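Colleague: I have a model open and want to learn how to read it. Can we go through it feature by feature?

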Amino acid sequence: MTHPFDADDATTLWADAPVEGAFSLAPDTRPAVVTAVARPVLLTYLPRNPNGRAMLVLGGGGYTALMVEREGVAVARWLTGLGYAAHVLIHRFPDAVGGPQAPVDDAMEAMRVIRAGGTVPGGVGVVGLSSGGHLAACLAASYPADWQPPASRHADQPTRPDAMIIGYAPISTNARGRTIIPDKPPLPPAEKQALYDALAPDAQLLPDPPPCFIVYSGNDPVVPVENARRLHGAMAAAGRDAELHIFADAPHGFALDTDGLPVAVWPRLCAAWLNQTGFC
């Protein structure tokens, strides 16, 4: 193994290939950060008291790194405490090798792989934070017509999540023509900007979206709260009353460890919401 995360299982997504060497970690950094991905990997964490449901966990990192421990493994362990089988995706980045679509293709394949396992009759949800929240919302949006999806070993499995939890994500304010900051320059690398331009989930939301829990900081200096309002509005327009929580004063990337601030209660609110929706 090339990771310190003590997963119950670790598998590569697209082929029977070794996990060793599939990704690189920033040296001497804890919580751990993935800096490069050659082959996407799914880390699986199993609950002691399973509820028959699973969650795909997508951490942030701006599509150029991946906060795999703080926004991935820590979230997975919270979810297993609630009874979910949790699967942390270490996805490829949008770059010259995989193109803009690489992380979306990996997230879709992860959903197929989880469902193909046949162990989650209650369904599969997704939890995404920061850029991982954008990626999570892409699973409920239309796949761009000019992208060529790769062949999947599990093409018969659906990729739409049964529930979504999205936190402080750049849903569409990085997309060309939809920025909040006037004349905002394109984000490097070019493939990252192309991903945001091609997939703005609030504008491309598919009909009958899944139940959704949305949590943001009102004064986030990195991701404008307008993203939350856009997603919430798109859900409402599609006939889904999403749960929306905006905390007035919280840092970007609050995740699960912002003790002492009001935003620290969001996991409890989310657990109550999951119970209310019946996805528990």
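Colleague: Start with S130. Is S130 buried or exposed?

Modeller: First, keep in mind that this is a predicted model. Residues under 20% relative accessible area are called buried. S130 has 9% relative accessibility, so S130 counts as buried. Its place is in the loop between β7 and α3.

Colleague: What is phi of S130?

Modeller: Phi of S130 is near 55°. That is a positive value in a residue other than glycine.

Colleague: Which residue before β1 also has a positive phi without being a glycine?

Modeller: D6, with a phi of about 55°. D6 sits in the segment before β1 (9–12). Is D6 buried or exposed? D6 is exposed, with a relative accessible area of 64%. S130, by contrast, is buried.

Colleague: And where does a glycine take a positive phi?

Modeller: Just after α5, at G239. Phi there is about 90°.

Colleague: Stay with α5. How do I check a helix for length?

Modeller: Compare its reach with the expected span. Helix α5 covers residues 226–237, which is 12 residues. From first C-alpha to last, α5 reaches 16 Å. That is close to the 16 Å expected at 1.5 Å a residue.

Colleague: Which residues of α5 are buried?

Modeller: N227, A228, R230, L231, A234 and M235. Now the general idea. An α-helix has 3.6 residues a turn, so residues three or four places apart point the same way. Then the case here. Seen down the axis of α5, the buried residues fall within an arc of 165°, so they line one face of the helix.

Colleague: What covers the buried residues of α5?

Modeller: The cover includes three strands: β8 (164–167), β9 (212–217) and β10 (243–247).

Colleague: Which residues of α4 are buried?

Modeller: Helix α4 spans residues 190–198, and its buried residues are K192, Q193, L195 and Y196. Down the axis of α4 they fall within an arc of 155°, so these too line one face. Their cover includes α2 and α3 (131–138).

Colleague: Take α2, then. Is R112 buried or exposed?

Modeller: R112 lies in helix α2, residues 102–116. R112 has 13% relative accessibility, so R112 counts as buried.

Colleague: Which residues is R112 in contact with?

Modeller: Set aside the neighbours within four places in sequence. R112 is then in contact with S152, H154, A155, Q157, P158 and T159.

Colleague: What about the loop after α2?

Modeller: Look at G122, in the loop between α2 and β7 (124–129). G122 is partly exposed, at a relative accessible area of 29%. Beyond neighbours within four places in sequence, G122 is in contact with G52, R53 and F279. G122 and A200 are 78 residues apart in sequence and 29 Å apart in space, C-alpha to C-alpha.

Colleague: Now peptide bonds. Where are cis bonds found?

Modeller: Omega is the angle to read. The bond from R30 to P31 is cis, with omega near 0°. P31 is in the loop between β2 (23–25) and β3 (34–37). Another cis bond joins P188 and P189, with omega about -5°. P189 is in the loop between β8 and α4.

Colleague: How many disulfides does the structure hold?

Modeller: Zero. C212 is in no disulfide. A disulfide is a covalent bond between the sulfur atoms of two cysteines.

Colleague: Why is there no bond from C270 to C212?

Modeller: The sulfur of C270 is 9.7 Å from that of C212, its closest cysteine sulfur, and this is too far for a bond. The cut-off is within 2.5 Å. C212 counts as buried, at 1% relative accessibility. C270 counts as buried too, at 0%.

Colleague: Last, the whole fold. How many helices and strands are there?

Modeller: Six helices and 10 strands. The radius of gyration is 17 Å, close to the 19 Å that the globule rule gives for 280 residues, so the protein is as compact as a globular protein of that length. The C-alpha atoms fill a box of roughly 45 × 40 × 40 Å along the principal axes.

Colleague: How many of the residues count as buried?

Modeller: Of the 280 residues, 53%. The protein exposes about 11,600 Å², and carbon and sulfur atoms supply 53% of that area. Contacts also tell you about reach in sequence. Of the contacts with a separation of 6 or more, 76% are between residues 24 or more positions apart.

Conventions: Residues numbered from 1 in each chain as written. Predicted model: local features only at pLDDT ≥ 70, side-chain atom pairs only at ≥ 80, totals over all residues. Heavy atoms only, no water. Buried < 20%, exposed > 50% of the residue type's maximum accessible area, 1.4 Å probe, protein only. Helix = DSSP H or I, 4+ residues; strand = E, 2+ residues; numbered from the N terminus. Expected span 1.5 Å × (residues − 1). Arc of directions from axis to C-beta. Contact = heavy atoms within 4.5 Å. Rg over C-alpha atoms; globule rule 2.2 N^0.38 Å. Areas by Shrake-Rupley, 256 points an atom, 1.4 Å probe, with all protein chains shown as cover.
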